[in-house]
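Trainee: I have a model open and want to work through it. Can we go step by step?

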Amino acid sequence: MSVALMANLAHAADIQEVCGPKEEAGAVCVGILESTGNQFLARTSDIFVVRPVRMILILVIAYVAHRVLRRAIGRLMSRVHSAPGTVMTVEDSEPSGPPDDKRITAARKRMRAETIASLLRSIGSAAIWTVAVVMILSELDVNLGPLVAGAGIVGIAVGFGAQNLVRDFVSGIFMLVEDQYGVGDTIDAGEATGVVEAISLRTTRLRSVDGTLWHLPNGQIERVGNKSQQWSRALLDVAVSYETDIDHATAVIKRTADALWLDRAFLGRILEEPSVWGVEDLGADGIAIRLVVKTRPNEQFAVARELRAQLKTAFDQEGIEIPFPQRTIWHRVPEGEAVGDPVHAGRS
């Protein structure tokens, strides 16, 4: 056997002893051993060189993926909410609205886009960094089997114990995506009715007219009536007595509502010409004539209050009677008794 062959065999034996089998030997270990001949440096190269480099590379890739994901989500949300016809709503189909309405609509869409984008960024960031941590633990030769099994058991326990919490979060996500209501809207959520002050993925804070602050879990809101989304309507059933001329009363109501529509103090609050729909009810005390006025969101209450005040003044000027409860009483006198009889007078 030649000297060169014996040297190669000895070198291969050293590599296998220091760096492991030829198929599994690392290039860094082999390179250090061949260049320096130091077996200690070759053995420790995996711990002090290879693994740190891999972990740093994992962190760098995770950071880049995190930044790319955040930017991609931001661009996606801006395109989705700025593209015409993406989500067609009433305000999209009526471009002739007041400038303030357009600004409110734009601000509302921007807030919804920012909220959804924040949610997607949080989910994406959690997924990326979780994968990065798992890969780093595997580089440290941590046995991930028990860890994954334990995490699964904890996840099942949390899932059973926090069903309401999960339902609240899922309902909050759909509420934001569908834009059911936003901050500043007046909503009817069943037992609680008022103005929305704050929204999170778990709860909605609602301020009622008497000042009560309601904290509503999103998963427990079964239905929502939004009184201020896109536009509102002031609806008044104006009552007049049965002796009133209906045509005359209708003309007075229409004239009063039109005057408020043209009033500079209410300019922009009323969106369309007021409409009198006619007789709505024949009640026990009077006749109800329905007046409807389309207003900007949340302006229907102020408009309705002002209309009631002006209608009262107009009715007084026109001599139109506002009905009050009336009853017809039949007073029967027993046979044989006079109306002025003291006994009868005492009974009555």
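Trainee: Which residue follows α8, and what is the sign of its phi?

Mentor: This is a predicted model. Look just past the end of α8. Its phi is near 75°, a positive value, and the residue is G319.

Trainee: What span does α8 reach from its first C-alpha to its last?

Mentor: α8 has 19 residues. At 1.5 Å a residue, 27 Å is expected. The model comes close to that, at 26 Å.

Trainee: Around the axis of α8, what arc do the buried residues cover?

Mentor: The buried residues of α8 are Q300, V303, A304, L307, L311, A314 and F315. Residues three or four places apart in an α-helix point the same way, because there are 3.6 residues a turn. The buried set of α8 lies on the same side because its arc is only 95°.

Trainee: Which exposed residues does the face of α8 turned away from the buried side carry?

Mentor: The buried residues pack against β6, α7 and β8. Now turn to the face pointing away from that buried side. The exposed residues there are R305 and Q317.

Trainee: Which element gives the most to the largest nonpolar core?

Mentor: That core has 23 residues, and I253, V303 and L307 have the most contacts inside it. β6, α7, β8 and α8 each supply at least two of its residues. The top contributor, with six residues, is α8.

Trainee: Which strands stand at the edges of the open sheet?

Mentor: Five antiparallel strands run in the order β4-β3-β2-β1-β5. An edge strand has a single partner, so one side is left without a neighbour in the sheet. That describes β4 and β5.

Methods:
Residues numbered from 1 in each chain as written. Predicted model: local features only at pLDDT ≥ 70, side-chain atom pairs only at ≥ 80, totals over all residues. Heavy atoms only, no water. Pairing = 2+ DSSP bridges. Helix = DSSP H or I, 4+ residues; strand = E, 2+ residues; numbered from the N terminus. Core = buried A, V, L, I, M, F, W, Y, C linked by side-chain atoms within 4.5 Å. Buried < 20%, exposed > 50% of the residue type's maximum accessible area, 1.4 Å probe, protein only. Expected span 1.5 Å × (residues − 1). Arc of directions from axis to C-beta. Contact = heavy atoms within 4.5 Å.
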